[in-house]
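User: Please take a close look at one part of this model, with enough of its surroundings to place it. I should like the criteria behind each term stated as you go.

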Amino acid sequence: MLSFLKQRPMPTTRLAVRCVTTSSHSKQQAATRPQQAKPFNSIPGPKPLPLLGNLLEISKVRKSGEPLWEFYDRKFKEYGEIMKITLPGVGPMVIVADPDVLEEVLRAEGKYPQSPKMKWFSDQHGIPATFSNEGEDWKRDRAAVSKQALPRNVNSYIEGLNPIYTRFSDHLRKIRSEDDLIEDFTPLSRKLTMEATGKFVFDADLDLLVNPKEEDLKFLDKVNQFFEGVGRLAYELPLYKIYKNNLYHFYLDALRGCLSHGGKYANRLQEKLERGESSEVQGMLEQ
């Protein structure tokens with residue numbers, strides 16, 4: 001499989017479902033396999049159209065409501081566990097399904113992955129966003145968060161997360177069917193992720209399942225809108241750079257909404273610390 005990976009540095013994009021998209025691989029790793037490396041053009045995949053690449057095919061899938069991971073799953077069966085697709089404004093992307101290959105790719109991608117489309121919005125409007133940062137800014141923000149995930153630091157906040165997961169489990173037991181099935185699990189998982197993230201980042205006790213507050217639900221709506229916008233940025237023509245189209249306003253509204261709501265929780269945490277109260281996320285804020 002690795003014979004398809006060529007020493008060609010490109011931006012990195014990922015689809016974290018059952019497949020992962022990456023268009024980046026380090027020269028160092030490729031150099032360790034000089035005899036195995038094949039030309040980049042030899043990577044299989046659906047034939048791209050001039051200018052549009054594979055956009056029309058993927059747009060058809062998105063409009064049909066079919067999950068993108070199912071689309072990629074079908075393509076993997078057709079072309080193999082390493083394939084290539086092309087999107088306008090992005091160029092060719094290598095899609096990897098083999099977890100062993102993926103691990104090597106991610107370990108060798110370098111210090112500074114790139115998010116050109118998201119960063120364009122942030123730079124245009126001066127909106128700070130870790131998701132869209134690149135270079136040293138990305139490394140600084142990522143270092144602060146990743147340290148909290150180290151085993152020696154997890155114990156400092158894990159007790160605060162336990163009630164969230166307990167409440168979630170209890171809620172699932174109450175709403176499950178007689179066959180122990182959960183209808184439409186995705187919105188529930190998003191609420192769980194939001195509650196855990198709220199505790200991890202803001203030391204905020206969100207309850208989006210049992211007794212949700214209106215402001216917390218609004219924050220969740222903007223976060224969901226943000227991730228929908230990220231998907232649209234990846235799979236729609238970058239016409240927003242020419243004129244302010246629907247995607248432009250949709251994504252910008254999500255960014256501003258996340259910044260506004262997140263700022264409220266951050267201010268509350270700052271006030272808590274200024275009062276001398278302890279916080280489970282204080283270590284991360286000091287980085």
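Analyst: Of the 287 residues in the protein, 39% count as buried, a label given to residues under 20% relative accessible area, with exposed meaning over 50% and partly exposed in between (1.4 Å probe, protein chains only). The model is a predicted one, in which local features need pLDDT of at least 70 and side-chain atom pairs count only at pLDDT 80 or more, while totals for chains, interfaces and linings use all residues. Residues are numbered from 1 along each chain as its sequence is written, and side-chain values use heavy atoms, with hydrogens and water left out.

The secondary structure comprises 12 helices and three strands, taken as DSSP runs (H or I of at least four residues for helices, E of at least two for strands) and numbered from the N terminus. About 16,900 Å² of the protein is exposed surface, and carbon and sulfur atoms supply 52% of it; these areas come from the Shrake-Rupley method with a 1.4 Å probe. Among contacts (heavy atoms within 4.5 Å) between residues at least 6 apart in sequence, 63% join residues at least 24 apart.

The part chosen for a close look is the packing of helix H9 (residues 185–202) against helix H10 (residues 214–235), whose axes lie 11 Å apart at an angle of about 105°. The axes are lines fitted to C-alpha atoms over the stretch in contact, and the angle runs from 0 to 180 degrees between N-to-C directions. The two helices are therefore roughly perpendicular, the class for angles of 65 to 115 degrees. On the H9 side the contact involves Arg190, Lys191, Met194 and Phe202, which meet Phe219, Leu220, Val223 and Asn224 of H10. These residues divide into five nonpolar, one polar and two charged; Ala, Val, Leu, Ile, Met, Phe, Trp, Tyr, Cys and Pro count as nonpolar, Asp, Glu, Lys and Arg as charged, and the others, Gly among them, as polar.

Within H9, the buried residues are Leu188, Leu192, Met194, Glu195, Ala196, Gly198, Lys199, Phe200 and Phe202. An α-helix has 3.6 residues a turn, so residues three or four places apart point the same way. The 18 residues of H9 should span 26 Å at 1.5 Å a residue, and the 25 Å between its end C-alpha atoms agrees with this; the expected span is 1.5 Å times one less than the number of residues.

Asp203 comes just after H9, in the loop between H9 and H10. Its phi is near 55°, a positive value in a residue other than glycine. Most residues other than glycine have a negative phi, and most peptide bonds are trans. Asp203 is buried, at a relative accessible area of 11%.

From Val223 the description extends to Gly257, the C-alpha atoms of the two being separated by 8.1 Å although they stand 34 residues apart along the chain. Gly257 belongs to helix H11 (residues 246–274) and, at 11% relative accessibility, counts as buried. H11 itself has 29 residues and reaches 42 Å from its first C-alpha to its last, close to the 42 Å expected. After H11 comes Gly276, whose phi is positive, near 90°.

Elsewhere, Leu51 also has a positive phi, near 70°, and lies in the loop between helix H1 (27–31) and helix H2 (55–64). Leu51 is exposed, with a relative accessible area of 82%.

Terms used: Angles under 35 degrees count as roughly parallel, over 145 as roughly antiparallel, 65 to 115 as roughly perpendicular and the rest as oblique.
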